[in-house]
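Hi,

Here is the structure I promised to send over. Have a look at it first, and then read on for what I found in it.

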Amino acid sequence: MIRVLIADDSAFMRKVLSDFFNKHPDFEVAGTAINGKEAISKVKELSPDLVTMDVNMPVMDGLNALAVIMEEKPTPVVMLSSLTQQGTEATVRALSLGAIDFISKAGGSISKLDSIEDELLEKCRNAAKAKVHKIPYAAQQKLENQRIATPSPAPPVMKRVELPVRQGMKLKGSEQVSTSQNSGNVFGIKRPNLILQARGKPQPPAADRVTPVVMTSMGNGSKKLVAIGTSTGGPQALQQVITRLPGNLPCGVVVVQHMPAGFTKALADRLDTISQVSVKEAEDGDVIEPGHVYIAPGSHHLRVREDGSTRRIVLGQDPPVGNHRPAVNVMYDSVASIGKNLVAVIMTGMGCDGCEGMKKIKAAGGYSIAQDEPTCVVYGMPKAVVDAGLADEIKPVQNIAQAIVEAVKR
């Protein structure tokens, strides 16, 4: 019996979801909550096996509630979100905070809501079996979310501060940028000179920041390619891995994450803001460049085509493979011929997508890394690879970036 807590501010949605669950003998509605604050209280009181959580709720939204739950009483959570841009970004944020899965909430008629019933029940059954882990930065993330949601106070009264006048700024070697003694005088008003700084990638919030692996030696890395496959629990795992990759990684990375269309761009954009490497949703014809990560768009298979010394991404909407599009096996099949210059990584996910492709990769001399069981949300895809004897290394998720860097240098 799976005991479910339903958190949604809509009485209509609470009734619809309760009816969905009550029709099936393996579910029991343990309780309902009308906002995130009440959801936290009832998780502690009722200890449900699973929570369905709306993203947008009054008093406390689903993201803040999720952060507290994953910090204080880790419980499998399935998010319900809209298909708007704001909804997809919030969903990706929720997955990075530890939500197991999500459902795109349909609106309007009962018939539209009925269309999500089978998907909802299947995802909830799977989520209830998942292992959840306390998220170390959940408290910090909660504060960051609250800071963003809180209106800024009135600006403080500013004091005038005189800074010493700089004569120049050193760029390279002995090159200088000259500044006039009068550069602090504009329209007769004396002011301090401005010091120019090179602008790099914006720094991620402290809650998301990790120290990337240092890569001091490139070895044979420029010829390499890294291919990562993952599914349930993948957004959180990708955040653990990609944010630790060094910006000077000498090769490109291609990723298949099982996710529907509309959500992979939000995932790529979020990872890009908190990583040293550049991350984007892959486009057909993209040239794979060093220090860049390309995530397969939802509903498209991703393949890699070698054109002389250039590697390009080829996207296609041919039929799903193993019920997946994108499929890890499709990507792995396309890169197996790279042989010893390929590093293939398989991470948390249900089922066995990637195992058949990994057999071809290993037969061609490629190197493989699998996520270990304790750090997987669902130990399915890595387990299939490990049980088949195809894993060269088995690593906890927080050590996979280091393993990739070491494999790339070989």
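Let me start with a small puzzle: which lysine does glutamate 406 form a salt bridge with? The partner is lysine 409, and the closest N and O atoms of the two are 3.5 Å apart. Before I go further, please keep in mind that this is a predicted model.

Both of those residues belong to helix α13, which runs over residues 400–409. Glutamate 406 and lysine 409 are three residues apart there, about one turn of the helix. As for exposure, glutamate 406 has 32% relative accessibility, so it counts as partly exposed. Lysine 409 is partly exposed too, with a relative accessible area of 22%.

Some salt bridges share partners, and in that way Asp101, Glu119 and Lys123 are joined into one network. Within this trio, the lysine 123 to glutamate 119 bridge has its closest N and O atoms 3.1 Å apart. The two residues sit in helix α6 (residues 117–129), four residues apart, again about one turn of the helix. Here the partners fall into separate classes: lysine 123 has 17% relative accessibility and therefore counts as buried, whereas glutamate 119, at 34%, counts as partly exposed.

A further pair is glutamate 393 with lysine 395, where the closest N and O atoms are 3.7 Å apart. In this one the acid is the buried partner, glutamate 393 having 15% relative accessibility. Lysine 395, at 27%, counts as partly exposed. Across the structure there are 18 salt bridges, so please don't take my picks as the whole list.

Now the overall picture. The protein has 13 helices and 18 strands. Of its 410 residues, 50% are buried. Looking at contacts with a separation of 6 or more, 73% are between residues 24 or more positions apart.

On to the helix you might want to centre your view on. Why can α3 be called largely enclosed by the rest of the structure? Nine of the 11 residues in this helix (residues 62–72) are buried, and that is the reason. The buried set is Gly62, Leu63, Asn64, Ala65, Leu66, Ala67, Val68, Ile69 and Met70. At the N-terminal end of α3, aspartate 61 acts as the cap, with a side-chain oxygen 3.2 Å from the backbone nitrogen of leucine 63.

Gly62 also turns up in the surroundings of another aspartate, number 54. Aspartate 54 is part of strand β3 (residues 50–54). With 7% relative accessibility, against a cut-off of 20%, aspartate 54 counts as buried. Apart from neighbours within four places in sequence, aspartate 54 contacts Ala7, Asp8, Asp9, Gly62, Met79, Leu80 and Lys105.

Two helix pairs are worth a look as well. Packed helices are described by the angle between their axes and the distance between the axes, so that is how I'll present them.

The pair α8 (residues 234–242) and α9 (residues 264–273) has axes that come within 10 Å and cross at roughly 30 degrees. Angles under 35 degrees count as roughly parallel, and therefore α8 and α9 are roughly parallel to each other. The crossing of α8 past α9 is right-handed. On the α8 side, the contact is made by Pro235, Leu238, Gln239 and Ile242, and on the α9 side by Leu267, Arg270 and Leu271.

The other pair is α10 (residues 328–335) with α11, packed at an angle of about 15 degrees with axes 7 Å apart. That angle makes α10 roughly parallel to α11. This time the crossing is left-handed. From α10, Asn329, Tyr332, Asp333 and Val335 meet Cys355, Glu356, Gly357, Met358, Lys360 and Ile361 of α11.

One last residue from that region: lysine 359 lies in α11, which covers residues 355–363. Is lysine 359 buried, partly exposed or exposed? At 39% relative accessibility, lysine 359 counts as partly exposed. Its C-alpha atom is separated by 9.3 Å from that of tyrosine 332, with the two positions 27 residues apart along the chain being their sequence separation.

Over to you, and shout if anything is unclear.

Cheers

Technical notes:
Residues are numbered from 1 along each chain as its sequence is written. This is a predicted model: local features need pLDDT of at least 70, side-chain atom pairs count only at pLDDT 80 or more; totals for chains, interfaces and linings use all residues. Side-chain values use heavy atoms; hydrogens and water are left out. Buried means under 20% relative accessible area, exposed over 50%, partly exposed in between (1.4 Å probe, protein chains only). A polar contact is a pair of N or O atoms within 3.5 Å; within protein, one must be able to donate a hydrogen and the other to accept it, and residues adjacent in sequence count only if both atoms are side-chain atoms. A salt bridge is a side-chain nitrogen of Lys or Arg within 4 Å of a carboxyl oxygen of Asp or Glu. Axes are lines fitted to C-alpha atoms, for helices over the stretch in contact, and angles run from 0 to 180 degrees between N-to-C directions. Angles under 35 degrees count as roughly parallel, over 145 as roughly antiparallel, 65 to 115 as roughly perpendicular and the rest as oblique. A crossing is left-handed if the near helix is turned anticlockwise from the far one by less than a right angle, and right-handed if clockwise. Contact means heavy atoms within 4.5 Å.
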